[in-house]
Amino acid sequence: MAHIWGKRIGTTGLATVLTLSMAACGGQSAGSDPSAAPTQGGSEGESTKVLEVWLPAKATDGNDAEIWDEVVAPFEEEHNVDVTFQFISWKDYEAKYSSGISTGTGPDVGYMYVEMFPTYIDAGAVEDLSNYLTEEDYATYTTLTDKYKIFGKFYGIAQSGPQAVSGLVYNKTILDSIGEEAPKTWDDVIRIAQKATQDTDGDGKIDQYGVAQGWGQTFYQDLNWNWYNFIWQAGGDIFDDEGKCIINSEQGIAAAQLLYDLKNTYNALPEDTMSLINNEAFDNYFVPGNAALAFVGTSESTFNKLADGDFEYGFTYDLQGPNGDMGARASVDQIVLMSACEDKELGWELVKYMTGPEGGAKYRELTGSAPSTVGEEDHGYEVTKEALAASLDTSIRPIKAARRATEVYDFLWKTLQEMMNGNVSPEDAMNEVAEFANSLDYAAPAN
């Protein structure tokens, strides 16, 4: 389903297995900063407990601290606890987490995305919630479904409904000028990309491109926009259910070939595509109206950039590959209870508060996030709300959890960059990734 909006219509991977010090961790850990030690307070001289929480820095205005201070204030008062936060950049998040857990200085409660879970599950560092969740919890949360399980179990609770969903955004004004409609298939993308790549001012230089896409990111984050959707739309995946890498399947090679051709065969990407991260390519080419298509996260911040543009745009989550398959990557990031948390009962209460109908709902109101509890008002972004609901069961999906996945994603990203530079063919690239991935030990640790 295509969705039209515009000015006239509306506004590094974890490379090693952790060596854990499980005796002390989090806000009350031995060897932690003395400034984090419990303070005295509360009624009748009761000690004020401390819970330390680690989160990625997500707020577009950099006001994570203000948001969370407001959210947890009632919890702190009710439980006589000081909830302290560390906000860590996405780029440094995994390395910080790995270092903190392995040295016994990690959080009591944290935030994990799918790529992270296997390492910490196998290390016994994150709690299996099977013995924590109640029938009431299952009735309360709309996100306690199979889509949110890791290796068949719940190890966290989603902070909101589907987040950071990647989709295809298109410039309807350019499409109209070349006699095209909203793209529905890969064939449409290829045809539009070629027709839209033009010298529009007659100076002999291309100034309008088919696709605004950046391949210069230094770590694998841009797989979110530049890879996952395509391999799913081809009908393939990176890992099978047993954790074996199957990226060199016919479907994986087809996805790689599409991307390779857009740059190297059809010359539909900007000349500086290899030096830009994907968001920069979007800002530099699509936002000013100089590209027909872009593959990006469909967040409010993305569309806010287009508010002052003089062209109409649309987006879709339902792009179809050669055989009609669809796929739009969504994060199922979750709040987790760390196994080293000394007061697990209190830590678990904080997890539920941060995600549930009290604190969680307040967070989602403040950040405009989709609901994740029954009966909760949907504060999701108006532009994408209807589309997300329509595609939730057909296109939108998370990536599959697999052991050693972060190492594979890092290798995959670097290999795709070599492929886009023309240094390796799509088939050889996928074979190299599969060979590397399947040389790793994917076995679960012995119980």
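Contact here means heavy atoms within 4.5 Å. The model described is a predicted one.

The protein chain has 447 residues, and 53% of them are buried. Its secondary structure consists of 16 helices and 13 strands. The chain exposes about 18700 Å². Carbon and sulfur atoms supply 45% of that area.

Helix 13 was examined together with two other helices. Helix 13 spans residues 359–367, and helix 1 spans residues 64–79. The axes of these two helices come within 9 Å. They cross at roughly 150°. Angles over 145 degrees count as roughly antiparallel, so helix 1 is roughly antiparallel to helix 13. The crossing of the pair is right-handed.

Specific residues make up this contact. Helix 1 contributes I67, W68, E70 and V71. On the other side, helix 13 contributes G359, K362, Y363, L366 and T367. Sorted by class, the contact of helix 1 with helix 13 holds 5 nonpolar, 2 polar and 2 charged residues.

Helix 13 also meets helix 12, which covers residues 344–355. Here the axes come within 4 Å and cross at roughly 40°. An angle under 35 degrees would count as roughly parallel, and one from 65 to 115 as roughly perpendicular. The crossing angle fits neither class, and therefore helix 12 is oblique to helix 13. Y353, M354 and T355 form the helix 12 side of the contact. G359, G360 and R364 form the helix 13 side. By class, the contact of helix 12 with helix 13 has 2 nonpolar residues, 3 polar residues and 1 charged residue. G359 of helix 13 appears in the contact with helix 1 and also in the contact with helix 12.

A single residue, I174, was then followed in detail. I174 is part of helix 5, which runs over residues 172–177. Is I174 buried or exposed? Its relative accessibility is 6%. Buried means under 20% relative accessible area, so I174 counts as buried.

Which residues does I174 touch, leaving aside its neighbours within four places in sequence? The contacts of I174 are with A196, Q208, G289, A291 and A292. A C-alpha distance was also computed for I174 and L293. These two residues are 119 residues apart along the chain. Their C-alpha atoms are separated by 9.4 Å.

Note on methods: Residues are numbered from 1 along each chain as its sequence is written. This is a predicted model: local features need pLDDT of at least 70, side-chain atom pairs count only at pLDDT 80 or more; totals for chains, interfaces and linings use all residues. Side-chain values use heavy atoms; hydrogens and water are left out. Buried means under 20% relative accessible area, exposed over 50%, partly exposed in between (1.4 Å probe, protein chains only). Accessible areas come from the Shrake-Rupley method with a 1.4 Å probe; for residues, only the protein chains shown count as cover. Axes are lines fitted to C-alpha atoms, for helices over the stretch in contact, and angles run from 0 to 180 degrees between N-to-C directions. A crossing is left-handed if the near helix is turned anticlockwise from the far one by less than a right angle, and right-handed if clockwise. Ala, Val, Leu, Ile, Met, Phe, Trp, Tyr, Cys and Pro count as nonpolar, Asp, Glu, Lys and Arg as charged, and the others, Gly among them, as polar.
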